[in-house]
Amino acid sequence: MSIKADFTQGFVRNHWYAAAWSEEITDRPLARRLLGERIVLFRAPDSAVGALEDRCPHRLAPLSMGECADGGLRCGYHGMVFDTQGACIAIPGQDIIPPTARTRAYPAVERYGLVWVWTGVGKADPARLPRIAGYGEQGWAAITGGYQHHHGNYRIEIENLMDPAHTTFLHKETIGNRAAKDVPVQVAQGEHGLKAYRWIENVPPTPLDRKSRDFGESHVDRQISFNFELPATSFVDIAVIPAGMERSEHNLMHGGLRTFSYKFLTPETDSSTHFFWLHLRNFRQDDVEFEDALRASLEKTFNEDKDMVTAIQREQEETGLRQRTAIAIDRAPIMALRMIDRMIEREKNPQLAH
Ligand code: FES
Ligand SMILES: [Fe+2]
């Protein structure tokens, strides 16, 4: 068997994609490509975020080469000014603004410290933003600001993120765990996504577990769950609770250690991806040294993935293939990509939507 690499399968467009961290958006325009489209992000005088097509309707000058001035974003060529809705509000030297003097505005909102941009044509419903448990709540600490640029098609990223088996081999020095490698992974599919998970039961707490919480003499049950919410949110959910404790949502949130490691994948082009990451934990919230070490370890892990994704992208481009054989651990990645394909199909043919 061989599966061909196809870089033209397109994107799910009716979705909120992470476009930038809030603190990146200032009164200096920021050019960023999302789903192949050139977009300029800026902050208006009333502090609203603008996300406009990065192209002046006059001579197509990139608006990101202009500046924030005169109450909006001013083109750096002849000075036309646009507001966050894409309407032209001033043209130097003339009073009349022609109706064609506008640029596409993308709906943009700020949440979880990120700017989210709706790239589709359908209704931009804030209820469809990702939901992050624990964020901003008492007892939880967040590491924010994580970003990497990856030279890989987002499908290669999804295959990586839905594949718990690679951690043993690719992340030997950080999260890899040889003892876990033979515990079978279960896969559950829901309406909005998929999870691949396993419980490792009745094992002694690791030294790190002991430092983070007093488990006394008790052994622990540990869940590692790789989640994918269509079409672009991935999170690894790790729960460590005293062995045998009931696995209620309350106990999992408060009865032991819990971390959520979020990645928001925003396709940049057919062959590159913006990788935003955010990490939440319910222990050692004020331990700065621990947090610094955790951040460094996460960055190391994500760099290992980044190097692998980049190398695979290169091989796919050179061979025109995606894979030449399939093994059991491919199940979750294949399911995730099929769900994406169906979403893309439904966007192209709305009559297929139920
Ligand atoms: S190109 Fe923007 S004002 Fe002329
Ligand atoms: Fe990884």
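**View 1. Leu 60 sits in the loop between strand 5 (49-53) and strand 6 (67-69).** This is a predicted model, so keep that in mind for every view here. The thing to look at is the backbone: Leu 60 has a positive phi of about 70°, even though it is not a glycine.

**View 2. A cis peptide bond leads into Pro 231.** Here we've moved to the loop that runs between strand 15 (220-229) and strand 16 (233-242), where Pro 231 is found. The bond in question goes from Leu 230 to Pro 231, and its omega is near -5°.

**View 3. Glu 110 and Arg 43 make a salt bridge.** Their closest N and O atoms are 3.1 Å apart. Side chains of opposite charge can pair when their charged atoms come close. What's nice about this one is the sequence distance: the partners are 67 residues apart, and the pair links distant parts of the chain. Glu 110 comes from strand 10 (residues 108-111), while Arg 43 comes from strand 4 (residues 37-43). Overall, the count of salt bridges comes to 18.

**View 4. Residues 16-117 are listed by UniProt as "domain: Rieske".** That label comes from an unreviewed entry. Zoom in on the two ends of the span and you'll find their C-alpha atoms 5 Å apart. As for secondary structure, the span is 41% strand and 0% helix.

**View 5. Domain 1 (3-126) meets domain 2 (130-352).** These are the two domains into which the protein is divided, and their C-alpha centres lie 31 Å apart. On the domain 1 side, 26 residues are in contact with 38 residues of domain 2. Together the two domains bury about 2,800 Å² between them, with 63% of that on carbon and sulfur atoms. How many salt bridges cross the interface of domain 1 and domain 2? Zero, by the rule used here. Polar contacts do turn up, though: ten residue pairs across the interface, with both residues at pLDDT 80 or more.

**View 6. A closer look at the side of domain 1 that touches domain 2.** Which elements give two or more residues to this side? They are strand 1 (3-4), strand 2 (16-21), strand 3 (30-34) and strand 11 (114-118). Strand 2 gives the most, with five residues. Sorted by class, this side of domain 1 has 15 nonpolar residues, along with six polar and five charged ones.

Methods:
Residues numbered from 1 in each chain as written. Chains lettered and ligands numbered in written order. Heavy atoms only, no water. UniProt positions renumbered as here; feature names shortened; annotations may be inferred. Helix = DSSP H or I, 4+ residues; strand = E, 2+ residues; numbered from the N terminus. Domains from an automatic or database assignment. Contact = heavy atoms within 4.5 Å. Buried area = accessible area lost by both parts, 1.4 Å probe. Salt bridge = Lys/Arg side-chain N within 4 Å of Asp/Glu carboxyl O. Polar contact = N/O pair within 3.5 Å; in protein donor to acceptor, adjacent residues only side chain to side chain. Nonpolar A, V, L, I, M, F, W, Y, C, P; charged D, E, K, R; others polar.
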